[in-house]
Amino acid sequence: DWEQPDHEIYQELCDIACNIINNKHSNSLPLIIYANEQYFEKINQMLLALMMDLAVDPSLTNLVENIEPDISIVSELTLEEWQDLQSQGLQQIKLNNSSLVMNISLPFNLPIFSWQNSQPDLEDQGI
């Protein structure tokens, strides 16, 4: 729900992006953000600030270098576009902050990606 306070949305996005970056499969974990077109500018500004903050976060650069999450923003999709995403293994992320959840009507149920439990494989990173 993009009507919620920016700092709450930002924190949730930061947690998700950090988790994706630190995941050993991060190059195959694109993030698709669903929003109405009226919020695209707000989201772009927030994502730009987020990426700048993550670029200077020393805890992230120690784990994974040169990885930027693949983030796309979408609004109204056709049934065929949703089905294409579903065939690619689209999953939804369950947010920590339930006040940010906005119910959208999808033509099918999506499995929930348990990103909170995804931890980086430190052995693969030589740590």
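In this predicted model, Phe40 is found in helix 2. With a relative accessible area of 25%, Phe40 is partly exposed, because the partly exposed class lies between 20% and 50%. When its neighbours within four places in sequence are left aside, Phe40 is in contact with Ala35, Ile73, Val74 and Ser75. One of these, Ile73, is 33 residues from Phe40 in sequence, yet the two C-alpha atoms are 7.4 Å apart in space.

Ser75 is found in the loop between strand 2 (71–74) and helix 4 (79–87). Its relative accessibility is 13%, and Ser75 therefore counts as buried, the cut-off for that class being under 20%. Beyond its neighbours within four places in sequence, Ser75 is in contact with Tyr34, Ala35, Asn36, Glu37 and Phe40. Ala35 thus appears among the contacts of Phe40 and among those of Ser75.

Helix 2 spans residues 40–55 and has 16 residues. From its first C-alpha to its last, helix 2 reaches 22 Å, close to the 22 Å expected at 1.5 Å a residue. Ile43, Met46, Leu47, Leu50 and Leu54 are buried in this helix. Seen down the axis of helix 2, the buried residues fall within an arc of 100 degrees, so they line one face of the helix. An α-helix has 3.6 residues a turn, so residues three or four places apart point the same way. The face of helix 2 turned away from the buried side carries the exposed residues Glu41, Met52 and Ala55.

Helix 1 has 17 residues and reaches 24 Å from its first C-alpha to its last, close to the 24 Å expected at 1.5 Å a residue. Of the 17 residues of helix 1, 12 are buried, so this helix is largely enclosed by the rest of the structure. The buried residues of helix 1 include Ile9, Tyr10, Leu13, Ile16 and Ile20. Glu12, Asn19 and Asn22 are also among the buried residues of helix 1.

Helix 1 also contributes to the largest pocket, where it supplies the largest share of the lining, five residues. The volume of this pocket is about 1,300 Å³. Its lining is made up of 37 residues, and the closest to the centre of the pocket are Leu31, Ile32, Gln91, Gln92 and Ile93. At least two lining residues each come from helix 1 (6–22), strand 1 (31–34), helix 4, strand 3 (92–93) and strand 4 (112–113). By class, the lining has 27 nonpolar, seven polar and three charged residues.

Helix 4 also contains Gln83. Gln83 counts as partly exposed, because its relative accessibility is 38%. Gln83 and Phe108 are 25 residues apart along the chain, and their C-alpha atoms are separated by 8.7 Å.

Taken as a whole, the protein has four helices and four strands. From the N terminus on, these elements run α-β-α-α-β-α-β-β. The protein has 127 residues, of which buried residues make up 31%. Among the contacts in the protein with a separation of 6 or more, 72% are between residues 24 or more positions apart.

How values were computed: Residues numbered from 1 in each chain as written. Predicted model: local features only at pLDDT ≥ 70, side-chain atom pairs only at ≥ 80, totals over all residues. Heavy atoms only, no water. Buried < 20%, exposed > 50% of the residue type's maximum accessible area, 1.4 Å probe, protein only. Contact = heavy atoms within 4.5 Å. 1 Å grid on protein atoms, 1.4 Å probe; cavity = no way out; pocket = protein on both sides within 12 Å on 5 of 7 lines; lining within 4 Å. Points joined across faces, edges and corners; volume = space filled by probe spheres on them. Nonpolar A, V, L, I, M, F, W, Y, C, P; charged D, E, K, R; others polar. Expected span 1.5 Å × (residues − 1). Arc of directions from axis to C-beta.
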